[in-house]
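I opened the notebook to look up two things: one helix packing and the state of the cysteines.

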Amino acid sequence: MKWYKGSKRPRHVLSAKDFDREDLERLFRRADYFADLMDRAKRGDKQARKDFRKLRKIGRDFFCYMLFYEPSTRTRLSFDTAAKNLGMNVAGSESARHFSSGAKGETVEDTIRNLNGFHPFPLLAMRYDQPKGAAQAAAVAGMMPILNAGDGHGEHPTQACLDLFTIFREFDRLDDLTIVIGGDSLMGRTVHSLVILASLFDNVHFILVSPPDLQLPRKYRRIIRRNGCSFTQETYPLAAMQQADIVYWTRLQRERFPEDFDPDTFAGYQKLYRIDAETMTYMAEHTIVMHPLPRNGDNPALCEIDLEVDQDPRARYFVQAHNGVPVRMALFAAIIKQQKKLWRAGLLA
Ligand code: NCD
């Protein structure tokens, strides 16, 4: 137990490295409860609706700030929903580079020092445009817990939690799995956090499919090995698909490429790293297809997951996105529990 272990500090979520296997098992039990409760409530179960309403007691003394320096839809709104489901007040700035004092040149450290004093029991979910932004924030946040909602081309640990939770709900295990990861593993922060978390389990094999210039950085490959798991690297997707339990596909993040990157090469990558109905014929029946979303919908012919794949029973990316709420609720609930403990011990001030 690492993340859940008692401590005199807030339970930040800065990196996927904050968790061990036991933590995830515990987190997923809680997320599973929340997911089932929401499901039953929706289906007309009166008791479930009552129990769901009671969850608001958990966070009613708390205020959740949301500071997003990069665009976001799912992450921001699922954090927001999760916080409100637990009764927290929520306020924040989307596009904080433009709308917050970040536009006037305020450093993130100064911004944090302000938020920290607005409410007796604050929390902060933050997306930043540089790696280690959340850690930078935590260093000046005092006793305010920080959740990293993605930091540039660094990490996206809460996304990895919901990704793994999705796999767990599907396979009822996290050991003995082959995960094909495709697209941009160089700058894909969801991939970075996912390999850190998934390699905590036994006998997980990764097949990393990407063009040679978008390969997973060496430090993450090292972590896979250090955790006792294995990987192979491929340039072409099809052979890998046949071996996959999970196909985790990602977007080529145009905005993170150098501005002078050759457009023809980029278009070539888009054509090659694309899943369509034909690609699906290479996958086993039990394989599931995941994607952190958004997918690139500008030109449907170049979208990395063809819209027709949505009809395939193996597509899981929307379920995966929905899992963002119960997983973030479980994270918040654990963080709040720790804050209450620190408060009782007089350690919050
Ligand atoms: C991703 C992100 O922002 O890192 N999306 C997400 O949070 N669900 C992936 C992406 O932008 O391609």
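The entries below cover the helix pair, then the cysteines.

**Entry 1, helix pair.** I note at the start that this is a predicted model. I looked up how helix 8, residues 157-171, sits against helix 9, residues 189-198. The two pack at an angle of about 55°, and their axes are 8 Å apart. That angle makes helix 8 oblique to helix 9. I also checked the handedness: helix 8 crosses helix 9 in a right-handed sense.

**Entry 2, contact residues.** Next I listed who makes this contact. Helix 8 contributes P157, Q159, A160, C161, D163 and L164. From helix 9 come T190, S193, L194, L197 and A198. Sorted by class, the contact holds 7 nonpolar, 3 polar and 1 charged residues.

**Entry 3, disulfides.** C161 turned up among the helix 8 contact residues, and I went on to the cysteines. How many disulfides does the structure hold? I found 0. Why is C64 not bonded to C161? The closest cysteine sulfur to that of C64 is the one in C161, and at 16 Å it is too far for a bond; the cut-off I used for a disulfide is 2.5 Å between sulfur atoms. Looked at from the other side, C161 is in no disulfide, and its nearest cysteine sulfur is that of C64, 16 Å away.

**Entry 4, burial.** Last, I asked whether each cysteine is buried or exposed. C64 is buried, at a relative accessible area of 0%. C161 counts as buried too, with 0% relative accessibility, and it is the cysteine listed in the contact of helix 8 with helix 9.

Technical notes. Residues numbered from 1 in each chain as written. Predicted model: local features only at pLDDT ≥ 70, side-chain atom pairs only at ≥ 80, totals over all residues. Heavy atoms only, no water. Axes fitted to C-alpha atoms, helices over the stretch in contact; angles between N-to-C directions. Helix = DSSP H or I, 4+ residues; strand = E, 2+ residues; numbered from the N terminus. Parallel < 35°, antiparallel > 145°, perpendicular 65-115°, else oblique. Left-handed = near helix turned anticlockwise from the far one by under 90°. Contact = heavy atoms within 4.5 Å. Nonpolar A, V, L, I, M, F, W, Y, C, P; charged D, E, K, R; others polar. Buried < 20%, exposed > 50% of the residue type's maximum accessible area, 1.4 Å probe, protein only.
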